[in-house]
2 protein chains.
Amino acid sequence: MSEFKPKGLVICVSGPSGVGKGTIIDELRRISPDTIHSISVTTRTPRPGEIDGVHYYFRTTEEFEQMMSRGDILEHDCYCGNYYGTPRAPLIEATEQGHDVVMDVTVPGSLAVMKNFPDAVTLFLLPPSFTELRRRLTRRGTEDQEVVERRLQKARDEIEKTRLFQYVVVNDEIQQTARKILSIVEAERCRYEQMAGIEKLIMSK
Amino acid sequence: MSEFKPKGLVICVSGPSGVGKGTIIDELRRISPDTIHSISVTTRTPRPGEIDGVHYYFRTTEEFEQMMSRGDILEHDCYCGNYYGTPRAPLIEATEQGHDVVMDVTVPGSLAVMKNFPDAVTLFLLPPSFTELRRRLTRRGTEDQEVVERRLQKARDEIEKTRLFQYVVVNDEIQQTARKILSIVEAERCRYEQMAGIEKLIMSK
């Protein structure tokens, strides 16, 4: 099917803090190296060794705000006085070239993506249980019980948003979760909207 | 997740005559023995060794027509003066118990399923090319060119219905096609509608 080049997919992986998004994204990167991972734009200063366009796109606050006002940022967040956001342009470019892009996005960020990029495939990771989420958050080394409780409350609020996502995966075991996500990507590639027009090509051959 | 028992899925596999539906269904049966394959109802006489409820549900014409009028037949066809149809009840029973059911359905039959059982996941198999479809239909032993041409015209008409299906898989190579179908099944199991309520269970654990 060398003549049929469907666009790539944008897969937005989300879930509450502590659910293991980062680990899953790393595993996906390992088992599916062709998948592109979106690079965020940030206004923070590059750390030694960080390369613009590889680790982040480094921009000034003014540039970032201009991008936002032009609608070039799909979702953003503020952290320690710096902006972090997902730029639209590299994502469009990659998908036009047929590459799939996986994004690791916060829950509020995902809601913004749903609005600003409705074609994105949205996926919510759930912990196997709330007890397990508490254990994972405690294990992180933050021993301050108050901080843990605040995060758990935030997680509770975020988990209530599960129903807004297209897919739900319980992150019980890393390999299994990654495999399920890859099945979702494969299935989405087979959706008629993604394949539209292929039947005409086939009739002509 | 032993307490969360989502319903099974109904997967309706269709495609033009000669595309290889039967072979794919056999391969699915081989690699995924847990998948239930729907048993048709027919009014034809059982052949020696055929068992009611295993190979077919054997019913009289009167019984079949009663089932149809009650809406108990999702789709049906007439062939050599006998009815063949997909009964609703065993399908509901299997999915309620959490089993996935794969159906091999003609293109007109699939359109009836979409209407009568809108929850079904619908999948269209395409040949790699029209030339290849012609080759497969010719190879079947039907040397009568007129019959082949009639089938190809029917296939052309059926392929135009591709856009009505949720998923499209080009049946290039059996194992790959079967793997894609299993990915679709896995992905559909992860859809929020299929998992609805799991977040409440997780919050309570």
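In chain A, 15 residues of domain 1 are in contact with ten residues of domain 2. That's a handy place to start looking at this predicted model, so let's stay with the two domains for a moment.

Where do they run? Domain 1 of chain A is made of two stretches, 1-35 and 100-205, while domain 2 covers 39-99. Their C-alpha centres are 20 Å apart.

Now for the domain 1 side of that contact. Both β7 (101-104) and α4 (107-116) of chain A chip in with at least two residues each. The largest share belongs to α4(A), which brings four residues. Sorted by class, this side of domain 1 of chain A has eight nonpolar, four polar and three charged residues.

Helix α4(A) deserves a second look. Which of its residues are buried? They are V107(A), G109(A), S110(A) and V113(A). These four sit on the same side of α4(A), because they cover an arc of only 145 degrees around the axis. As a general rule, an α-helix has 3.6 residues a turn, so residues three or four places apart point the same way. And what do the buried residues of α4(A) pack against? Their partners in chain A are three strands, β1 (10-14), β5 (73-79) and β8 (121-126), plus the helix α6 (145-159).

Next, the contact between the chains. Chain A puts in 31 residues, and chain B also puts in 31 residues. On the chain A side, the elements giving two or more residues are α5 (130-139), α6, β9 (167-170), α7 (174-189), α8 (192-195) and α9 (198-203). The largest share here, five residues, is from α7(A).

Here is the make-up of the two contact sides of chain A described so far:

| Side | Nonpolar | Polar | Charged |
|---|---|---|---|
| Domain 1 of chain A, touching domain 2 of chain A | eight residues | four residues | three residues |
| Chain A, touching chain B | 19 residues | five residues | seven residues |

Finally, how confident is the predictor? Chain A has a mean pLDDT of 91, and 97% of its residues reach 70 or more. Within chain A, confidence is highest in β8(A), at 98, and lowest in strand β2 (residues 36-37), at a mean of 85. So β8(A), one of the partners of the buried residues of α4(A), is also where confidence is highest in chain A. For the complex, the predictor gives an ipTM of 0.90 and a pTM of 0.91. One general caution: where pLDDT is low, the predicted coordinates should not be read in detail.

Key:
Residues numbered from 1 in each chain as written. Chains lettered and ligands numbered in written order. Predicted model: local features only at pLDDT ≥ 70, side-chain atom pairs only at ≥ 80, totals over all residues. Domains from an automatic or database assignment. Contact = placed C-beta atoms within 7 Å. Nonpolar A, V, L, I, M, F, W, Y, C, P; charged D, E, K, R; others polar. Buried ≥ 20, exposed ≤ 12 C-beta atoms within 10 Å, placed from the backbone. Arc of directions from axis to C-beta. pLDDT = per-residue confidence, 0-100.
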